[in-house]
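This briefing describes one protein chain for a reader who has its sequence and coordinates at hand. Please look over the fold before reading the points.

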Amino acid sequence: MSSTRSPHLATTALLTRTPSRSARARRSARTPARSEARRAAPAGTLVLAAVGVTVVSLTGSLLSVAGGLNDTWWDAVGPTGRLSVPLPMNVALLVLAFAAAGTRRRLALAAASLLALACSAAVVSGFFDGGYAAAMAPVERLTQVSLVLGLAVLALLAGRRALRLLRG
């Protein structure tokens with residue numbers, strides 16, 4: 001028998017060798033960063049959804065004036081607007097979304113819960129105030145449906161964020 005080692009055995013030894021203490025420390029230091037990035041992604045999605053709802057709402061207010069549903073832009077972004085969320089509510093949605101996406105757990109939990117509740121109430125209120133039954137042009141109806149779906153998605157994302165924060 002030969003006393004020289006086969007190159008295949010050397011490769012196998014490298015593959016099965018236990019990592020050094022410093023290699024394990026480097027690997028464990030990267031793991032929290034990856035899991036933190038995974039947790040941050042839904043929060044970023046929450047902010048993007050709130051910005052999207054605001055854009056659709058402001059676009060809807062302009063369409064509402066152009067289509068004759070409201071006389072002025074201030075009426076369109078007020079409580080009588082059919083294609084937009086009232087302006088103070090838009091501001092509240094954005095503030096709550098940014099707070100819900102934050103790193104302060106208690107504040108984020110409260111903001112996410114309030115955001116889920118507010119968006120759910122906004123979607124449900126359209127059934128009772130006659131907003132969904134009004135006669136509209138197809139582009140106006142499409143804008144209204146987009147706004148309602150955006151609010152529903154925002155409510156679901158905020159609810160999911162609140163549940164994740166509750167679970168720790």
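The points below cover the fold, model confidence, the core, selected residues and the aromatic pair.

The model is predicted: local features need pLDDT of at least 70, side-chain atom pairs count only at pLDDT 80 or more, and totals for chains, interfaces and linings use all residues. Residues are numbered from 1 along each chain as its sequence is written, and side-chain values use heavy atoms, with hydrogens and water left out. The chain has 6 helices and 0 strands, where helices (H or I, at least four residues) and strands (E, at least two) are DSSP runs numbered from the N terminus.

**Overall fold**

- Along the sequence the pattern reads α-α-α-α-α-α.
- Of the 168 residues, 30% count as buried; buried means under 20% relative accessible area, exposed over 50%, and partly exposed in between (1.4 Å probe, protein chains only).
- Among contacts in the chain with a separation of 6 or more, 62% come from residues 24 or more positions apart; a contact means heavy atoms within 4.5 Å.
- The chain exposes about 10800 Å², and carbon and sulfur atoms supply 68% of that area; accessible areas come from the Shrake-Rupley method with a 1.4 Å probe, and for residues only the protein chains shown count as cover.

**Confidence**

- Mean pLDDT is 82 for the chain, with 74% of the residues at 70 or more; pLDDT is the predictor's confidence in each residue, from 0 to 100.
- Helix α1 (residues 7–16) has the lowest mean pLDDT among the elements (56), and α4 has the highest (95).
- Over residues 37–41 pLDDT stays under 50, and the model has 2 contacts beyond four places in sequence for this stretch.
- Where pLDDT is low, the predicted coordinates should not be read in detail.

**Helix lengths and buried residues**

- The expected span of a helix is 1.5 Å times one less than its number of residues.
- For the 14 residues of α4, the expected span is 20 Å, in agreement with end C-alpha atoms 20 Å apart.
- The buried residues of α4 are N90, L93, L96, A97, A99 and A100.
- Helix α5 (residues 105–128) has 24 residues and an expected span of 34 Å, which agrees with the 35 Å between its end C-alpha atoms.
- In α5 the buried residues are A108, L109, A111, A112, L115, A116, C119, V123 and G126.
- Helix α6 has 30 residues; the expected span is 44 Å and its end C-alpha atoms are 43 Å apart, which agrees.
- G168 follows α6 and has a positive phi, near 95 degrees.

**Nonpolar core**

- The largest nonpolar core has 26 residues, of which L46, V53, L93, L115, C119, L151 and L154 touch the most other members. Such a core is a set of buried Ala, Val, Leu, Ile, Met, Phe, Trp, Tyr and Cys residues joined through side-chain atoms within 4.5 Å.
- At least two residues of this core come from each of α2 (21–66), α4 (87–100), α5 and α6 (138–167).
- Leaving out residues up to four places away in sequence, L154 touches L46, A49, A50, V53, L93, L115 and C119.

**Selected buried residues**

- A100 lies in α4 and counts as buried because its relative accessible area is 0%.
- Beyond four places in sequence, A100 touches L46, A108, A111, A112 and R161. A100 and A162 are 62 residues apart in sequence, with C-alpha atoms 8.1 Å apart.
- L147, in α6, is buried at 6% relative accessible area.
- L147 touches V53, V56, S57, L83, S84 and V85, not counting residues up to four places away in sequence. Between L147 and T54 there are 93 positions in sequence and 8.8 Å in space, C-alpha to C-alpha.
- S61 belongs to α2 and is buried, with a relative accessible area of 0%.
- The contacts of S61 beyond four places in sequence are W73, A76, V77, L83 and S84.
- G78 sits in the loop between α3 (73–76) and α4 and is buried at 10% relative accessible area. G78 and S61 are 17 residues apart in sequence and 9.3 Å apart, C-alpha to C-alpha.

**Aromatic pair**

- The structure holds 1 aromatic pair, formed by W73 and W74 in an edge-to-face arrangement, with 5.0 Å centre to centre and 70 degrees between the planes.
- Rings of Phe, Tyr and Trp (its six-membered ring) pair if their centres lie within 6.5 Å; planes under 30 degrees apart count as stacked, over 60 as edge-to-face and the rest as tilted.
- W73 is partly exposed at 30% relative accessibility, whereas W74 is exposed at 61%.
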